[in-house]
Structures are given as structure tokens and as C-alpha cells.
Amino acid sequence: FSAGSVFTVAVASSDQHSPITAHSGSHKATDHGSHNNTGKAFPVLDLNYENVRVPFEISLWVLLASLMKLGFHLVPHLSNIVPESCLLIVVGLLVGGIIRGTGETVPPVLDSKLFFYILLPPIILDAGYFLPIRPFMENLGTILIFAVVGTLWNAFFVGGLLYGVCQIGTESSSILSRIGLLQCLLFGSIISAVDPVAVLAVFEEIHINELLHILVFGESLLNDAVTVVLYHLFEEFSGIGSVTLLKGFLGVISFFVVALGGVLVGVLYGILAAFTSRFTSHTRVIEPLFVFLYSYMAYLSAEIFHLSGIMALIACGAVMRPYVEANISHKSHTTIKYFLKMWSSVSETLIFIFLGVATVAGPHDWNWTFVTVTVILCLVARVIGVVGLTFIINKFRIVKLTTKDQFIIAYGGLRGAIAFSLGFLLNKEHFPEREIFLTAIITVIFFTVFVQGMTIKPLVELLAVKKKQEAKRSINEEIHTQFLDHLLTGIEDICGHYGHHHWKDKLNRFNKKYVKKCLIAGERSKEPQLIAFYHKMEMKQAIQLVESGGGIKMPSAVPSTVSMQNIQPRPSTKPAPERAIPQLSKNKEEEIRKILRTNLQRTRQRLRSYNRHTLVADPYEDGLSDLFLKKQKMFQIEKKMNTYLTVPAPPPDSPTMCRARLASDPQAYSIKPASNKVPMIQVDLASPQSPDSVNLLDEFGQANQQEEEEQGLMMKPPSRPREAKKPSEEDEAKDQQRLMRCLSDPGPSADEDEDGAFLP
């Protein structure tokens with residue numbers, strides 16, 4: 001090396017950056033003319049693992065999880081025997097055993113912060129964003145009963161009986177007798193909740209029907225609020241050592257605050273995400289980012305105030321989805337869908353592998369009595385709770401839960417990593433029995449995942465439980481679904497029973513009138529639901545056609561700037577391809593239009609004969625005031641007619657009204673000049689077979705039947721000939737009564753709406 005300073009790169013420690021230090025070397029010339037270099041040589045290759053240890057190990061764990069998931073689906077018939085979750089736990093056990101066999105310390109991979117803040121949110125967001133809203137809302141009452149009442153029953157049943165077992169004198173009574181009632185109740189609240197990760201992993205493989213899937217999975221999502229409240233409540237009581245009535249009352253209030261507060265936080269962030277997506281039409285590339293960020297912020301904001309983060313994520317995803325998908329492009333929708341599926345799948349795989357590693361890592365405190373009684377009590381409490389609650393629920397359900405359904409719901413109550421993480425959070429100073437709790441929790445998890453998870457699929461096949469039918473939604477199904485919704489809403493209004501169809505209709509009207517205008521951009525906010533669904537189906541069919549190679553290839557270089565549900569075809573200069581369906585000729589289309597126009601208008605021209613005295617006005621009708629005004633006008637006309645017929649007046653003041661049947665207006669009145677200076681009413685009937693045809697008798701016998709058929713009914717005041725005999729007063733009264741009865745109903749008014757409802 002030449003004289004001067006030599007720069008070497010020093011290796012930094014794990015908590016420092018790699019600084020570049022300069023070392024000055026002293027060079028002395030020897031007698032032979034050579035230089036003595038005392039500095040370090042520049043390292044060509046160096047090893048610095050500690051500086052990248054954490055991200056490198058994370059990448060290795062993710063790579064291991066992905067390879068295990070890939071290998072699981074490559075091995076034939078393996079998924080039919082062993083569930084994926086079981087295999088991943090076994091892989092975790094092997095990895096932990098290898099690490100421990102090499103003499104290394106097994107890392108605490110399933111740390112509570114890592115689980116709750118990194119691994120769990122993607123799984124819950126994926127479940128909430130793609131949650132089937134309709135079956136979930138239709139079964140919300142049943143889900144809440146299972147989630148709230150069922151979880152409370154499991155916690156107190158397991159905790160209370162476990163405390164009784166601990167107080168019974170056994171060989172290990174010195175160990176179990178130290179566990180108090182509050183500690184047992186705390187353990188019961190941890191172990192009683194159904195785990196959504198385990199339920200998703202098992203139920204997606206057996207393809208159970210939609211009702212059972214939404215009941216068990218919905219319960220696992222909504223029981224988070226009960227678990228959080230009971231956990232913090234008993235943890236606080238265990239530290240204090242005393243429980244008062246006021247604290248119990250505050251604990252009940254805390255449940256509603258945690259549950260409703262989490263939902264409120266999720267709804268607020270969902271609305272913010274939908275409102276932000278209104279303005280992303282020029283920057284489509286960041287649209288998926290807003291969905292992920294707002295959802296994660298909702299989860300963290302709920303955790304700040306010890307609210308239910310799971311319910312916040314569920315509410316945020318369910319609220320934002322319909323509005324966000326109306327604003328974002330189709331490419332952004334695809335990005336959100338596959339990124340969420342990938343993220344949740346990797347997190348689920350890591351959770352089960354980490355469960356196996358944590359089992360090897362320990363520490364454990366095995367107690368046969370405590371572990372065995374815990375497993376038995378969990379099974380017994382689940383069965384009794386499901387059967388008892390279903391007996392009550394079936395009294396109010398239209399679609400009853402059968403015995404097979406109850407068995408699947410009870411057998412599908414799986415426990416998972418949430419219970420382990422909550423047990424891991426316990427402080428050993430306040431809970432010296434923490435190792436016993438963790439050992440029992442891991443045992444229950446392994447029993448439910450391995451035994452129940454591996455046997456539930458053969459049991460479903462054996463019991464012939466209805467499975468999920470993969471049927472694509474069609475326009476016909478959507479039309480009939482909306483028709484039945486409107487029909488049931490109308491029936492509820494008629495019966496005066498305000499059920500969930502009534503409130504759903506009110507919510508849809510409010511959403512359409514106010515919310516859509518604020519959260520959806522452009523004309524898409526006014527787009528009907530059926531048209532939006534048609535555009536969505538049309539887009540899916542077009543994509544499938546292009547992927548199958550049966551249609552025109554769409555240019556991939558063009559950026560996606562149109563909305564997913566508002567696909568507007570761009571004008572093309574290229575000649576249009578031949579249509580798969582032959583185009584109808586103009587004559588054929590005109591003939592179809594004529595047939596439809598004739599048949600549709602014929603129903604509007606059928607007017608039923610009625611008596612206005614039998615019509616009952618609806619006091620809740622919007623046009624009630626108009627009806628009263630029309631009725632008042634009819635009374636005035638009737639009064640004038642009666643006055644005129646009893647007291648003769650000059651002919652110009654009494655024009656004759658003639659009812660005419662027209663093609664465009666079935667009710668029209670025209671003025672006909674008077675004949676022979678006598679007031680008369682001529683009724684021109686549409687046809688003898690028409691329901692409007694009226695047969696009137698000549699009360700005075702002055703016109704024959706031939707004149708009635710040709711000119712209508714002639715009604716004249718009786719003229720007394722000089723030679724005639726003077727009638728009696730009784731006959732005169734009868735004639736006057738008949739005349740008044742005949743003329744009292746002048747028929748429907750010309751001002752009446754032709755579309756009004758007529759009672760038969």
C-alpha cells in the first residue's frame with residue numbers, strides 16, 4: 001500500500017450502525033527501501049449476521065410457512081386425512097425440537113404483541129371485509145346469543161367447577177389448593193372463547209353449509225368483547241382480592257362500552273375510508289393502501305382504549321366495502337382481494353407453526369388432574385350451552401336448528417392461539433400458577449384442533465349434513481330476492497309488525513337518500529342496486545371470457561380508471577365483431593313493443609264497478625286531503641243536480657253530461673246539446689260485457705227499450721196529461737224516492753286519477 005491513510009470498514013454491533021473509521025499508519029523506510037505498514041487491510045468479504053438477524057429470521061419463517069402450505073397441497077389425499085392446521089402445528093413442533101436439539105434457545109416467537117398487532121389483524125380484516133352481510137344480519141340474534149350468553153355460561157361453568165375440583169383433597173392438593181376462585185374464573189374466561197382462526201382453518205376445508213358456518217364463525221368473532229371484558233375484569237379482581245356490587249355493576253357496563261365502542265370506532269374509520277376513496281380517481285395506485293391503513297388504524301385505536309379491536313375491524317371492513325368498491329377501479333379491487341387473502345393465509349400459517357414452537361419452548365407445569373378436568377369441562381359446558389340455548393332460540397326462529405346442526409355447532413367450538421396469547425400475557429408475580437394455565441391451554445388447543453378438527457369432516461359425511469353449494473348468483477336470483485324483500489316489508493307494514501324487514505327497508509332508504517350521495521362519487525350514487533349488480537356480473541363474465549380466450553383481448557397497457565360497478569364501453573374505431581346472439585330486425589322489435597304495450601296498458605283500462613258509499617278511506621294515505629276535496633266537489637255537483645231536477649230551470653243552465661269511453665282516457669265527460677229542451681242524462685256504455693256496464697230502469701215508463709239502447713236512458717220530469725187520473729200522494733213519494741236513488745250516484749269524477757286503486 002502507498003503511504004497515507006488506510007480506511008477500513010469496522011463491523012458494528014447489533015445496536016450500532018456500521019461507522020467508517022480512519023486509521024493512520026506510520027510508515028518507516030527500512031534500509032532495504034521497503035515500507036512497514038501497521039494498518040489493517042481492506043476486508044474483501046466480511047460476516048455481519050447480527051445486523052440483519054431480525055428481518056432475516058422473519059423472512060425465513062415466512063418462507064417456511066409458504067413452503068409448508070405449498071407442500072401440503074402438493075401431496076395427494078393428504079388434505080382429506082389431516083387438516084392443514086394440524087400439519088402446521090406438527091411442523092412447528094419439529095422446528096422447535098430441532099432448535100432445542102442443537103443447544104440453542106428457542107425464541108419466543110408467539111409473543112403477545114407480535115400475535116395481537118401483527119398476525120391477528122390480517123385474518124380478522126379478511127373475514128370482515130368479505131363477510132356475507134345478508135346471512136350474518138339475518139342470523140344476528142342467534143349469533144349474539146351464542147357469543148354473549150354462551151361465552152358467559154362456558155366461563156362461569158368451567159371456572160366454578162374447576163375451583164370445586166381444586167378444593168377437593170388429592171395427591172397434588174398442595175399445588176391446586178393455592179388456586180383461588182377468581183383465578184379459576186379468569187382461566188375459564190380465557191379458555192371459553194371460540195377461536196376465529198381455528199374455526200376458519202377447519203370449516204373452510206369441510207365446506208359446511210352457509211348457515212352453520214356463519215353461526216360458528218360469527219360467534220367466534222363477536223365473543224371477543226365478552227372475552228376482553230371478563231379477562232380484564234377478573235385480572236383486576238384477582239389483583240385487588242375483593243369484589244363489591246359496584247365493581248360488578250361497572251363490569252357489566254364495561255361490556256357494553258367495549259363492544260359498542262369497538263363497533264363505533266370501526267364504523268367511523270370505515271366511513272372515512274369510503275369518503276377518501278371518492279377522490280382517488282386520478283391516483284388509482286394508492287387506492288388499496290387506504291383500505292389497509294384505515295382498517296389497521298381502527299384496530300389500533302380500539303386497542304388504545306381497551307375496546308374490542310376484532311369488532312372494530314369487522315365493522316370497518318363491512319361498512320367500507322360497498323362504498324369503496326363503487327369508487328375504486330377493478331384493478332384496485334383485485335389487488336385488495338388477493339393481498340388480503342395472501343396476508344391472512346401467511347399469518348394463519350405462522351400462528352399454527354408458532355404454536356408448535358412455543359409448545360417446545362415451554363416452560364410447562366403438568367398436572368394431570370387440572371388438565372384432564374379442564375378438557376372434560378370444556379366439552380361438557382359447550383354441549384350443555386349449545387343444546388340449552390338452541391331450545392330457547394328455536395322458539396323464535398322460522399328455520400329451526402336441527403339436532404345435526406346443534407351437534408356441528410357444539411363440536412365446532414375450537415380453541416386457538418388467542419387463548420394462548422391471553423394466557424401468555426399473565427404476570428407471573430401476580431399469577432404464580434401461570435405455567436399450569438399455559439399447559440392446560442395448550443392441551444385444550446391440541447385436543448380441539450387435532451381430535452375435533454380431524455374427526456369433524458368424517459362426522460359431517462356420516463351424518464349427511466348439508467354442505468355448501470357453489471352456485472353463482474344470477475340476475476334472476478337477484479330480482480326475486482329484491483322482490484321477496486319488498487313483499488315481506490309490505491306484509492309487515494300491513495300487519496303492523498315492525499320486523500327486521502321493515503327496519504332493513506328503512507335503512508336502505510336512508511342509505512340511498514343520504515349516505516350514498518356523500519360517500520360515492522359521480523352518478524354512481526344514483527345507480528340502482530340491480531343495475532350495479534348487473535354491471536358487476538357483466539364485468540366478471542367479460543373477464544372470464546377474455547381469460548378463456550373466447551373473446552377479444554382487452555388492451556393491458558391502458559390504465560384502469562373506470563369504476564368496477566360502472567363500466568362504460570369506450571367508442572372504438574375498429575369494426576364491431578359478430579354478436580353471439582343474432583340481432584332482431586326492426587319489424588320484429590316493433591312487433592314485440594306493440595305486444596307489450598297492448599298487454600301492459602290493457603290492465604290499466606280495466607275499471608271495476610263500485611259504489612262510492614262502500615269505499616273506506618285510509619287515514620294514513622298521502623292523498624287523503626285530495627280525496628276529501630274530490631268528495632266535497634261530488635257532493636256539490638249532486639246538490640246542484642238534485643236542485644235542478646226538482647225545480648226546473650232554463651236549459652242553458654243545465655247542460656247534459658255524457659260519459660264517453662275513449663282509447664286514451666277511459667273517463668272523460670263531454671257536453672252534449674240539450675234535446676227537446678228537457679234535461680236528461682245519457683250514459684254511453686263501453687260494451688255490454690264491460691264491468692263498467694250499468695243497467696238502469698226507466699222509473700217513469702215514458703221511453704221504450706229501443707230508445708234506451710240507441711240513445712241512452714232518458715229521464716224526464718213526469719208531465720201530467722189533462723185526461724189522466726191524479727196520482728195519489730203515496731205514488732208521488734215513491735216516484736220521487738226512486739228518482740233520487742237513481743241520480744244520487746253520478747259516477748266517478750273526471751278529476752280522479754286514473755291510476756288510483758279501486759276496491760273490488
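**Close-up views of a predicted model**

**Figure 1. Overview of the chain.** Contacts between residues 24 or more positions apart make up 78% of the contacts in the chain with a separation of 6 or more. The model is a predicted one. Its chain contains 25 helices and 5 strands. Of its 760 residues, 38% count as buried.

**Figure 2. Confidence along the chain.** The average pLDDT of the chain is 75, and 69% of the residues score at least 70. Among the elements, helix H12 (residues 287-304) has the highest mean pLDDT, at 94, and strand E1 (residues 5-9) has the lowest, at 37. Over residues 651-675 the pLDDT stays under 50, and the model has 51 contacts beyond four places in sequence for this stretch. Residues 683-716 also have pLDDT under 50 throughout, with 47 contacts beyond four places in sequence.

**Figure 3. Aromatic pairs between helices H12 and H14.** The count of aromatic pairs comes to 21. One of them is formed by Phe292 and Phe339, which are tilted, with 5.0 Å from centre to centre and 40° between the planes. Because Phe292 belongs to helix H12 and Phe339 to helix H14 (residues 330-361), this pair ties together parts 47 residues apart in sequence. Phe292 counts as buried because its relative accessibility, 13%, is under 20%. Phe339 has a relative accessibility of 35% and counts as partly exposed. The ring of Phe292 also pairs with that of Trp343: the centres are 6.5 Å apart and the planes lie at 85°, so this pair is edge-to-face. Here too the partners come from H12 and H14, Phe292 from the former and Trp343 from the latter, so parts 51 residues apart in sequence are tied together. Trp343 is partly exposed, with a relative accessible area of 33%.

**Figure 4. An aromatic cluster and two charges over rings.** Phe187, Phe370 and Phe437 form one aromatic cluster. In a second panel, Lys341 places its charged end over the ring of Phe130, 4.9 Å from the ring centre. In a third panel, Arg434 lies over the face of Phe424, and the distance to the ring centre is 5.0 Å.

**Figure 5. Surroundings of Glu435 in helix H18.** Glu435 is part of helix H18, which covers residues 434-463. The relative accessible area of Glu435 is 9%, which means that the residue is buried, the limit being 20%. Beyond its neighbours within four places in sequence, Glu435 is in contact with Pro363, His364, Asp365 and Lys428. The C-alpha atoms of Glu435 and His364 are 5.3 Å apart in space, although the two residues are 71 apart in sequence.

**Figure 6. Surroundings of Cys184 in helix H7.** Cys184 lies in helix H7 (residues 181-191). With a relative accessibility of 1%, Cys184 counts as buried. Leaving out neighbours within four places in sequence, its contacts are with Gly159, Leu162, Tyr163, Cys166 and Ile179. Between Cys184 and Ala155 there are 9.2 Å from C-alpha to C-alpha, at a separation of 29 residues in sequence.

**Figure 7. The bend in helix H3.** Helix H3 has 18 residues (112-129) and reaches 24 Å from its first C-alpha to its last, close to the 26 Å expected at 1.5 Å a residue. The helix bends by about 45° at Leu120, and a proline, Pro121, follows within four residues. Of the 18 residues of H3, 14 are buried, so the helix is largely enclosed by the rest of the structure.

**Figure 8. The kink in helix H20.** Helix H20 (residues 500-519) spans only 25 Å between its end C-alpha atoms, whereas a straight helix of 20 residues would span 28 Å at 1.5 Å a residue. A kink of about 45° is centred on Asn511. The kink residue Asn511 is among the buried residues of H20, together with His501, His502, Asp505, Lys516 and Leu519. The buried residues of H20 pack against three helices: H11 (245-276), H13 (309-327) and H19 (475-495).

Notes: Residues numbered from 1 in each chain as written. Predicted model: local features only at pLDDT ≥ 70, side-chain atom pairs only at ≥ 80, totals over all residues. Heavy atoms only, no water. Helix = DSSP H or I, 4+ residues; strand = E, 2+ residues; numbered from the N terminus. Buried < 20%, exposed > 50% of the residue type's maximum accessible area, 1.4 Å probe, protein only. Contact = heavy atoms within 4.5 Å. pLDDT = per-residue confidence, 0-100. Phe/Tyr/Trp six-rings, centres within 6.5 Å; stacked < 30°, edge-to-face > 60°. Lys NZ or Arg CZ within 6 Å of the ring centre and 35° of its normal. Expected span 1.5 Å × (residues − 1). Bend = angle between axes of the 7 residues up to and from the residue.
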